[in-house]
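I opened this notebook to keep track of what I looked up in one protein model, one topic at a time. Each entry says what I searched for and what I found.

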Amino acid sequence: MRIFIAMAIFLSIIFFAIVSLSDTDKLFNMWSNLSYLDSNFPQKIEFNYDGTYATYKYSSSMDATSRGTYQITKKWSDSKGYIWYQVIISDLVEGKRYQLARVDNEGRKLEFAYNKDSYPSKLNSDETGCCIYWRTTLDYKLSPE
């Protein structure tokens with residue numbers, strides 16, 4: 001009987017892990033843009049599964065320039081397969097910011113805009129606070145063009 005109970009617990013843990021990891025999000029990863037040299041934007045951003053993030057001034061940096069938390073408050077897909085997010089970002093330096101973000105349908109490109117007061121209504125590359133990042137990966141198919 002103990003073996004049966006132990007096997008049931010073991011299988012339950014394995015099943016829970018598989019279900020949990022299958023719902024991973026395209027936002028969770030390391031993103032970089034090497035063209036952001038000496039600008040207000042960091043070259044590298046990391047969104048972690050646990051709701052924390054870190055920014056790095058240069059893509060080769062190991063020490064984060066800022067750390068904080070984020071919360072995805074809304075997520076949806078459009079007709080092109082892009083995944084959209086409304087995210088609240090919080091850190092000790094800049095406080096709370098509202099972010100509208102989008103990941104392309106291949107999971108390669110992250111675009112976002114942010115405001116201090118409310119979510120931006122659209123992504124406009126001409127506006128201040130609009131950024132583009134590429135997924136940092138060793139997979140050639142996911143590397144930026």
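The entries below go from the whole chain to its core, its largest pocket, its cysteines and a few single residues.

**Entry 1: the chain as a whole**

I first noted that I am reading a predicted model. I counted the elements of the protein chain and found 1 helix and 8 strands, and when I read along the sequence I wrote their order down as α-β-β-β-β-β-β-β-β. I then looked up burial, and buried residues make up 34% of the 145 residues in the chain. For the contacts with a separation of 6 or more, I found that 30% are between residues 24 or more positions apart.

**Entry 2: the largest nonpolar core**

Which residues of the largest nonpolar core touch the most other members? I found that this core has 18 residues, and that Phe47, Tyr70, Tyr85, Leu110, Phe112 and Tyr133 are the ones with the most such partners. I next asked where the members come from, and E2, E5, E6, E7 and E8 each supply at least two of them. The element that gives the most is E5, with 4 residues.

I followed one of these core residues further, and listed what tyrosine 85 touches when residues up to four places away in sequence are not counted. Its partners include Asp25, Lys26 and Leu27, then Ile72, Lys74, Lys75 and Trp76, and also Gln99, Leu100, Ala101 and Val103.

**Entry 3: the largest pocket**

I looked up the largest pocket and noted a volume of about 470 Å³. It is lined by 24 residues, and those closest to its centre are Asn40, Pro42, Thr55, Ser66 and Glu94. Two or more lining residues come from each of strand E2 (44–47), strand E3 (52–56), strand E5 (83–91), strand E6 (95–103), strand E7 (109–115) and strand E8 (131–135). When I sorted the lining by residue type, I wrote down 13 nonpolar, 6 polar and 5 charged residues.

**Entry 4: the cysteines**

I reminded myself that a disulfide is a covalent bond between the sulfur atoms of two cysteines. How many disulfides does a search of the whole structure find? The search gives 0.

I wanted to know why cysteine 130 has no such bond, and the reason is distance, because its closest cysteine sulfur, in cysteine 131, is 6.6 Å away, too far for a bond. The cut-off that I needed for this step is 2.5 Å between the sulfur atoms. I also checked the burial of both residues: cysteine 130 counts as buried because its relative accessibility is 14%, and cysteine 131 counts as buried at 1%.

**Entry 5: glutamine 99**

I came back to glutamine 99, which lies in strand E6. Is this residue buried or exposed? Glutamine 99 has a relative accessibility of 5%, so it counts as buried, since the limit for buried is under 20%. Its C-alpha atom is 4.2 Å from that of tyrosine 114, although the two residues are 15 residues apart along the chain. Leaving out residues up to four places away in sequence, I found that glutamine 99 touches Phe47, Tyr85, Gln86, Val87, Ile89, Phe112, Ala113, Tyr114, Tyr119 and Pro120.

**Entry 6: two residues in loops**

I looked up leucine 34, which is found in the loop between strand E1 (29–32) and E2. Leucine 34 counts as exposed because its relative accessible area is 56%, and the limit for exposed is over 50%. Not counting residues up to four places away in sequence, leucine 34 touches Gln43 and Ser59. From leucine 34 to serine 59 I noted 25 residues in sequence and 6.9 Å in space, C-alpha to C-alpha.

The other loop residue I chose is serine 61, between E3 and strand E4 (66–77). Serine 61 counts as buried, because its relative accessibility is 17%. Setting aside neighbours within four places in sequence, serine 61 is in contact with Lys44 and Tyr56. Serine 61 and lysine 44 are 17 residues apart in sequence, and their C-alpha atoms are 8.4 Å apart in space.

Conventions: Residues are numbered from 1 along each chain as its sequence is written. This is a predicted model: local features need pLDDT of at least 70, side-chain atom pairs count only at pLDDT 80 or more; totals for chains, interfaces and linings use all residues. Side-chain values use heavy atoms; hydrogens and water are left out. On a 1 Å grid over the protein atoms alone, a cavity is a set of points where a 1.4 Å probe fits but cannot get out, and a pocket is an open set with protein on both sides within 12 Å along at least five of seven lines; lining residues have an atom within 4 Å of a point. Grid points are joined across faces, edges and corners, and a volume is the space filled by probe spheres set on the points. Ala, Val, Leu, Ile, Met, Phe, Trp, Tyr, Cys and Pro count as nonpolar, Asp, Glu, Lys and Arg as charged, and the others, Gly among them, as polar. Buried means under 20% relative accessible area, exposed over 50%, partly exposed in between (1.4 Å probe, protein chains only). Contact means heavy atoms within 4.5 Å. A nonpolar core is a set of buried Ala, Val, Leu, Ile, Met, Phe, Trp, Tyr and Cys residues joined through side-chain atoms within 4.5 Å.
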